[in-house]
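The following exercises are meant to be worked through slowly, with the structure open beside the text. Each one sets a task and then gives a solution in steps.

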Amino acid sequence: MGTYYKVQCQCEREVSKSEIEGALESISSVFSTWQSDSEISRFNVATHNRRIGVSQEFFDLVKISQSVSELSGGSFDVTISPLVNAWGFGSEEVRGIPSEEEIHVLLEQVGWQNLELREQPSSLLKLKPLSVDLSGIAKGYAVDQVADLLENLDCENYLVDIGGEIKVKGQNRFSNPWQIGVEVPDGSGAVLDGLQLTDIGVASSGDYQNFREIEGVRYSHVIDPLTGYPVNHNLVAVTVLDSSAAYADALATALLALGFEKGSALAEREALPVLFITKRDEKDSYKVVPSSAMEPYLASG
């Protein structure tokens, strides 16, 4: 997945590194777009307008993704990769930026509504040529899977961290709730605020580490699936809590794409525990805005 993992746990049975890495390698074999023989890569080259049988893992993750797409009005879309590639955030080097005409053409190749799911047996139908990229949710899913492994090993207390997506259970080694820091969105690693958590998943999304600057203009890696353009607003980072780290992962991306006004309205309407970080001005001054449902989790509160 191109990132790190960290596991802290207290278990009745021994946990081996090989068990955890075996689970992660199994997940990569399904969801890695960098592996030509992965299930998702094979799915992406398959022709459209025919039903394609998929594994339960693949089906479940697309189903979760579709639920977040519907909830957010399409601000999360696993078919967005043509636009991501065009803006230079894919695997191929891109020097300039796409034209308005190119974006219009690429938008025709995007659309989560054009993936049709069927439960029994698990299958997907591409109603038009589409490529699926689950990188916006796969890390959270991997966290959930490692947490399930620890549950099966009778672990009463644990923390699973894969690239910043986290799930915790029980208490830390000081017999307190797990303390999770929310970083200042400037890449410095400094902590802006803290969360006190137990038995929950946490995921964050931000545009401060991955961007392109062309002729003095900064372009975020977060692409709005509805417009085809990088987002351009004062919301720079989002942290979401949910029992499913996968769901939190996708929702954090969706809320970041929506921006603060629409994102916070959605969080309040759905009683979602969300921490929004907005940029006040050009002097890198930040404001932390928790949703009502997030306030009980704040260490400062």
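**Exercise 1.** Determine in which sense β12 and β13 pair, and over how many bridges.

*Solution.* Begin with the pairing itself: in this predicted model, β12 and β13 run antiparallel to each other and are joined by five bridges. Next, pick out one pair of residues, and you will find that Thr-239 has Leu-275 in β13 as its bridge partner. Then turn to β14, which is also joined to β13 by five bridges in the antiparallel sense, with Phe-276 standing opposite Val-289 of β14. Finally, consider how far β13 is covered: five of its six residues are buried, where buried stands for under 20% relative accessible area.

**Exercise 2.** Place these strands in their sheet, and name its edge strands.

*Solution.* Follow the order of the seven strands, which is β1-β5-β6-β9-β12-β13-β14 in an open sheet with antiparallel pairing. The edges are β1 (5–11) and β14 (286–290), each of which pairs on one side only. From one strand to the next, the twist averages 10°. Within this order, β6 and β9 are joined by three bridges, and Ile-166 stands opposite Val-202 in β9.

**Exercise 3.** Find out which strands helix α7 lies across, and which strands helix α8 touches.

*Solution.* Take helix α7 (residues 245–258) to start with: it lies across β6, β9, β12 and β13, and runs at about 155° to β12. Helix α8 (residues 260–269), which packs on the sheet, touches β12, β13 and β14, and its direction makes about 165° with that of β13.

Definitions and conventions:
Residues are numbered from 1 along each chain as its sequence is written. This is a predicted model: local features need pLDDT of at least 70, side-chain atom pairs count only at pLDDT 80 or more; totals for chains, interfaces and linings use all residues. Side-chain values use heavy atoms; hydrogens and water are left out. Two strands pair if DSSP finds at least two bridges between them. Helices (H or I, at least four residues) and strands (E, at least two) are DSSP runs, numbered from the N terminus. Axes are lines fitted to C-alpha atoms, for helices over the stretch in contact, and angles run from 0 to 180 degrees between N-to-C directions. Contact means heavy atoms within 4.5 Å. Buried means under 20% relative accessible area, exposed over 50%, partly exposed in between (1.4 Å probe, protein chains only).
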